[in-house]
Amino acid sequence: MSFATYPSHQNRTVFVSGGGSGIGAAIVRAFCGTGARVGFVDIAEAPSRALADELTKAGGTVRYENADVTDTAALTAAIGRIRDALGPITVLVNNAAHDQRHDFFAVTPAYFDERIAVNLKHAFFAAQAIVPDMQAAGGGAIVNIGSASYLMGSDDLTVYGAAKSAAIGLTRMLARQFGKDGIRVNCIVPGWIMTQRQLDLWVTPDGERQIAERQCLKRKLVPDDIARPVLFLASDEAGGMTNQSIIVDGGWV
Ligand SMILES: NC(=O)c1ccc[n+]([C@@H]2O[C@H](COP(=O)([O-])OP(=O)(O)OC[C@H]3O[C@@H](n4cnc5c(N)ncnc54)[C@H](O)[C@@H]3O)[C@@H](O)[C@H]2O)c1
């Protein structure tokens with residue numbers, strides 16, 4: 001197989017949250033492969049440094065900043081440092097999240113707020129910090145990463161699913177508000193994607209059986225299956241697309 005390289009991304013500055021591992025790392029790699037300048041934040045220092053070093057050695061322009069996205073001041077300060085280093089940001093990928101399982105009856109107000117902070121709040125504030133760059137540049141693209149979990153249903157992901165479903169609402173609100181500035185806002189809604197974390201924690205024989213039964217495609221989806229449509233939605237090839245949420249789940253839901 002061979003894949004598109006999107007010349008429109010060359011020399012663009014892209015910001016990715018949670019870019020140190022999993023789907024975020026695939027997104028960072030993919031943008032880097034197009035010649036974009038890529039800045040990302042993550043709390044996982046070791047894999048993030050290793051990724052940034054590897055891509056820099058290979059000739060890419062990549063900057064990693066350690067920032068916890070639930071700390072809005074730290075997030076926006078990191079975005080500022082990336083802008084200073086790589087130039088105005090015209091592509092934003094809101095990817096960071098945490099799918100910790102929770103028992104419905106054990107959820108406290110504090111835990112609820114924490115889940116919203118890691119799964120939703122930062123996407124709003126990253127957009128608030130970066131939209132002015134896009135307005136000044138005459139346009140830009142935001143890609144929010146949702147989750148099909150709320151469409152599939154699950155007994156132990158109620159708050160996560162609710163927060164991730166809001167990625168679609170945020171997409172539609174921002175698309176309407178900033179379309180006049182040439183800013184396109186779309187959402188990719190992944191199904192079950194085989195990141196290392198998923199493989200380590202959740203891919204049991206029962207999980208494998210569910211994939212075989214529920215997906216139209218019988219292969220396991222991998223992070224690049226998400227990174228490629230993110231590249232497309234952020235590229236000039238998708239110049240007429242905004243306000244959309246696209247499910248990438250191998251046909252599960
Ligand atoms: N893997 C899947 O099956 C799946 C399914 C549906 C949706 N998604 C969505 O895809 C996106 C990526 O998921 P993933 O599976 O790659 O997750 P992951 O847990 O493998 O990676 C998430 C990354 O975000 C970072 N991160 C977590 N909390 C952070 C914080 N507070 N501050 C900064 N960085 C933080 C982690 O260190 C990690 O590098 C998420 O938005 C997730 O909701 C994933």
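Where does the ligand sit? Select the ligand to start: it sits in the largest pocket. Keep in mind throughout this tour that the model is predicted.

**Stop 1: the ligand and its shell**

Expand your selection to the residues around the ligand. There are 26 of them, and Ser21, Asp42, Asn95, Tyr160 and Lys164 are the closest. Colour this shell by class and you will find twelve nonpolar, ten polar and four charged residues.

Now show side chains as sticks and look at three places where an oxygen atom of the ligand meets a side chain. At Ser21, the distance from a ligand oxygen to a side-chain N or O atom is 2.8 Å. For Asp42, the corresponding distance between an oxygen of the ligand and an N or O atom of the side chain is 2.6 Å. Tyr160 also gives a value of 2.6 Å, again from a ligand oxygen to a side-chain N or O atom.

If you switch on a surface, consider how much of the ligand is covered. On its own, the ligand has 820 Å² of accessible area, and the protein covers 92% of that.

Next, go to cartoon view and highlight three helices: α1 (22–33), α6 (158–178) and α7 (196–201). These are the elements that give two or more residues to the shell around the ligand.

**Stop 2: the pocket itself**

Hide the ligand for a moment and look at the space it occupies. The largest pocket has a volume of about 1300 Å³. It is lined by 49 residues; to find its centre, select His98, Asp99, Tyr160, Arg197 and Gln198, which are the closest to that point. Tyr160 is worth a label, as it is also among the closest residues to the ligand.

Which elements give two or more residues to the lining of the largest pocket? Select α1, β2 (37–42), α4 (109–137), α5 (149–152), α6, α7 and α8 (205–214) to see them. The largest share, four residues, comes from α8.

Recolour by class once more, this time for the pocket lining. You should see 19 nonpolar, 19 polar and eleven charged residues.

**Stop 3: an enclosed space**

How many cavities of 30 Å³ or more does the count come to? There is one, and about 60 Å³ of space lies in it.

To find this cavity, select its lining: Asn94, Ala96, Asn119, Leu120, His122, Ala123, Asn144, Ile145, Lys164, Ala167 and Leu170. Lys164 links this stop to the first one, being one of the residues closest to the ligand as well as part of the cavity lining.

In cartoon view, look for α4, β5 (140–145) and α6, each of which supplies at least two lining residues to the largest cavity. The largest share comes from α4, with four residues. By class, the lining of this cavity has six nonpolar, four polar and one charged.

**Stop 4: two backbone details**

Finish with the backbone at two asparagines. Select Asn11, in the segment before β1 (13–17). Its phi is near 65 degrees, a positive value in a residue other than glycine.

Then jump to Asn243, in the loop between α9 (223–234) and β7 (244–248). Asn243 is not a glycine either, yet its phi is positive, at about 70 degrees.

Definitions and conventions. Residues numbered from 1 in each chain as written. Predicted model: local features only at pLDDT ≥ 70, side-chain atom pairs only at ≥ 80, totals over all residues. Heavy atoms only, no water. Near = heavy atom within 4 Å. Polar contact = N/O pair within 3.5 Å; in protein donor to acceptor, adjacent residues only side chain to side chain. Areas by Shrake-Rupley, 256 points an atom, 1.4 Å probe, with all protein chains shown as cover. 1 Å grid on protein atoms, 1.4 Å probe; cavity = no way out; pocket = protein on both sides within 12 Å on 5 of 7 lines; lining within 4 Å. Sits in = over half its atoms within 2 Å of the grid points. Nonpolar A, V, L, I, M, F, W, Y, C, P; charged D, E, K, R; others polar. Points joined across faces, edges and corners; volume = space filled by probe spheres on them.
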